[in-house]
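User: I would like to learn how to read a folded chain feature by feature. Could you take me through this one, giving the general idea before each case?

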Amino acid sequence: LVLSRNLTHDTSWDLLVRLEEEEGGLPLGADISAALIALDGLATSPVTRSLADSVASARFAAPAPFDMVRLHLLGLGPVESPLDPVIEDRGERLLVVSPFLTPGRLEELRALAGRSCRLISRPEELERLGAGALEGWGTPLILHEAADTSVPGGPIDTQLGGLHAKLVVLDRGERSTWFAGSMNATASAVDRNVEACISLSGPRRKVGVEKLLSRAGKEVRFRTLLCEFPVESEEPLKPSPEQEERDRLDRLGAQFAGMDLKAQVVGDEEPVLELSFAGEPPELRQGDRVSARIVTREHWLPVDLDTEPAARISVRRVSEITGLIALRLAGRLGLRHELVLFARLEGEPDDRIDRLLLDLIPDSRRFALLLFLMLAAGDPDAEAAALARGLGGRLDADAGASEGFGLPLYEELVRASARDPRRLVAIDDLVERLARSEEGRGRLPDGFRDMWQSFKPLIAAARR
């Protein structure tokens, strides 16, 4: 899935591309693997590496009528795709759909097409830029008021309204290419942000600009949802004080993100994280307040860049120690900006992951539930998934429930060993990690370790 939307309950109009794996499809897995490896460069993880390895050879079908697909990740190092895939080519016609715009980026995009450029955005964004910045785009389009509509059914009350989709369509000869994903038509989308973009190519007569903006009597098409929006003012609107402050806090957050953040763990019994910032200091104003917390705790503490360390954060348990640091910037007008930074974690206890597992698996019942979930991974209709749901419900309803061990678990393990012994490797890693300590061994059901030995030869072969 490649989304233009955020993972929120916002109900604006968005764009989603879904691809299905197909044996004879396109080798998109190599692009996905490269993107995951780039993410792994930020924070090394065996999970990320495992995903990258497993998907590298996967092939995906291009959704009809497209016949070519590529994935592009911007802002994360050496991924085998152009820095800005959209401006790598030129064409005759161009369509840009973007809720947010900047004049410089619009100028770059307009240069791609020699004949016709169309723009779809939000009315307030078009007025903010002014007609002068929209020269060469013709009359812009916005969502018609009829596009604000209720959709019955679903998990929440859905009142669709507002544009959040991002799309660029470029016609060249008899071909057209769509660029869909998280990229707005803004400078920051290509200069600063990390963005995901998928390009799909197909015949222009089926997926080109004219086709996308065509009408067909009373048939509801994309063009049916749109109406023209002439921008009357030549000059851009002056931003409100609130917008100026939001923009300043956003820039301030980017400055903090550009610094080198270190989290030093001090102490054993009652550990403390000492935060230190290095690099070009942010441009703070009088009255600005900076606070920080680790994402595993809710309590915010003040940050003082003039002291060393800049903040000291106490943790209750070793398992709470993390390099993910939430930062809150508070400025004028009561406005705040929050972001999460990844700190270099130094001095962490050797058993931090072990302690985290013990917190997540407080007893043998939760261990059995976790095993059912691991066995059901990738197959929500499997019997293991049904057993996990039933066991989870009983655990929530009755803290004394002991069902779920014994024969049902053994049957699922045997079934997994017969179908794909590699699925037992991750379980074996978990068992071995828990078995390192007496406390960890106490999380295993009675007799489980003896029973587990019968699977060891299959696991050893799977590891090879």
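User: Which residues is I120 in contact with, leaving aside its neighbours within four places in sequence?

Analyst: A contact list of this kind is read by asking which parts of the chain come together around one side chain. In this predicted model, I120 is in contact with L95, V96, V97 and S98, and also with L141, L163, L213, F222 and L226, once its neighbours within four places in sequence are set aside.

User: Which residues touch the most other members of the largest nonpolar core?

Analyst: The general idea is to look for buried nonpolar residues joined through their side chains, and then to ask which members have the most partners. Here the largest nonpolar core has 32 residues, and L95, I120, W178 and I198 are the ones that touch the most other members. Several elements each supply at least two residues of this core, including the helices α2 (46-55) and α7 (209-212) and the strands β5 (91-97), β11 (175-181) and β12 (195-203). A second core, separate from that one, has 28 residues, with V86, A133, L170 and A185 among them.

User: How many strands form the open sheet that contains β16 and β19, and in what order?

Analyst: Strands of a sheet pair through backbone hydrogen bonds, and the pairing can be parallel or antiparallel. In this case 4 strands form an open sheet in the order β17-β16-β19-β20, with antiparallel pairing. The edges are β17 (301-302) and β20 (336-342), each of which pairs on one side only.

User: How many bridges join each pair of strands, and which residues stand opposite one another?

Analyst: A useful habit is to walk across the sheet, one pair at a time. Between β16 and β17 there are 2 bridges, in the antiparallel sense, and A292 has L301 in β17 as its bridge partner; a hairpin connects these two strands through 6 residues. Next, β16 pairs with β19 over 6 bridges, again antiparallel, and S291 stands opposite R328 of β19. Finally, β19 (residues 324-330) is joined to β20 by 7 bridges, the two strands running antiparallel, with L329 opposite H337 in β20.

User: Which helix lies across this sheet, and is β16 mostly covered or mostly open?

Analyst: Once a sheet has been traced, the next step is to see what packs on it. Helix α8 (residues 241-257) lies across β16 (289-294), β19 and β20, and runs at about 15° to β20. As for β16, this strand is mostly covered, since 5 of its 6 residues are buried.

User: Where does S12 lie, and is S12 buried or exposed?

Analyst: A loop position should be judged by its accessibility as well as by its place in the chain. S12 lies in the loop between β1 (2-3) and β2 (16-17), yet S12 counts as buried because its relative accessible area is 15%, which is under the 20% cut-off. Apart from residues up to four places away in sequence, S12 touches L160, G161, G162 and H164. The pair S12 and G161 shows how sequence and space can part ways: the two are 149 residues apart in sequence, while their C-alpha atoms are 4.9 Å apart.

User: What backbone features should I look for in other loops?

Analyst: Two things to look for are cis peptide bonds and positive phi values outside glycine. The peptide bond from A64 to P65 is cis, with omega near 5°, and P65 lies in the loop between α2 and β4 (68-74). A cis bond also joins E308 and P309, where omega is about 0°; P309 belongs to the loop between β17 and β18 (311-314). L333, a residue other than glycine, has a positive phi near 65° and is found in the loop between β19 and β20. Its relative accessibility is 47%, so L333 counts as partly exposed.

User: How many disulfides are there, and how do C117 and C197 count by accessibility?

Analyst: Cysteines are best read in two steps, looking for bonds and then for exposure. A search of the whole structure finds 0 disulfides. C117 counts as buried because its relative accessibility is 8%, and C197 counts as buried at 2%.

User: How many helices and strands does the protein chain have, and what share of its residues count as buried?

Analyst: Totals are a sensible place to end, after the local picture. The protein chain has 16 helices and 21 strands, and 43% of its 464 residues count as buried. Among contacts with a separation of 6 or more, 65% are between residues 24 or more positions apart. The accessible surface is about 25,600 Å², and 50% of it belongs to carbon and sulfur atoms.

How values were computed. Residues are numbered from 1 along each chain as its sequence is written. This is a predicted model: local features need pLDDT of at least 70, side-chain atom pairs count only at pLDDT 80 or more; totals for chains, interfaces and linings use all residues. Side-chain values use heavy atoms; hydrogens and water are left out. Two strands pair if DSSP finds at least two bridges between them. Contact means heavy atoms within 4.5 Å. Axes are lines fitted to C-alpha atoms, for helices over the stretch in contact, and angles run from 0 to 180 degrees between N-to-C directions. Buried means under 20% relative accessible area, exposed over 50%, partly exposed in between (1.4 Å probe, protein chains only). Accessible areas come from the Shrake-Rupley method with a 1.4 Å probe; for residues, only the protein chains shown count as cover. A nonpolar core is a set of buried Ala, Val, Leu, Ile, Met, Phe, Trp, Tyr and Cys residues joined through side-chain atoms within 4.5 Å. A disulfide is a pair of cysteine sulfur atoms within 2.5 Å.
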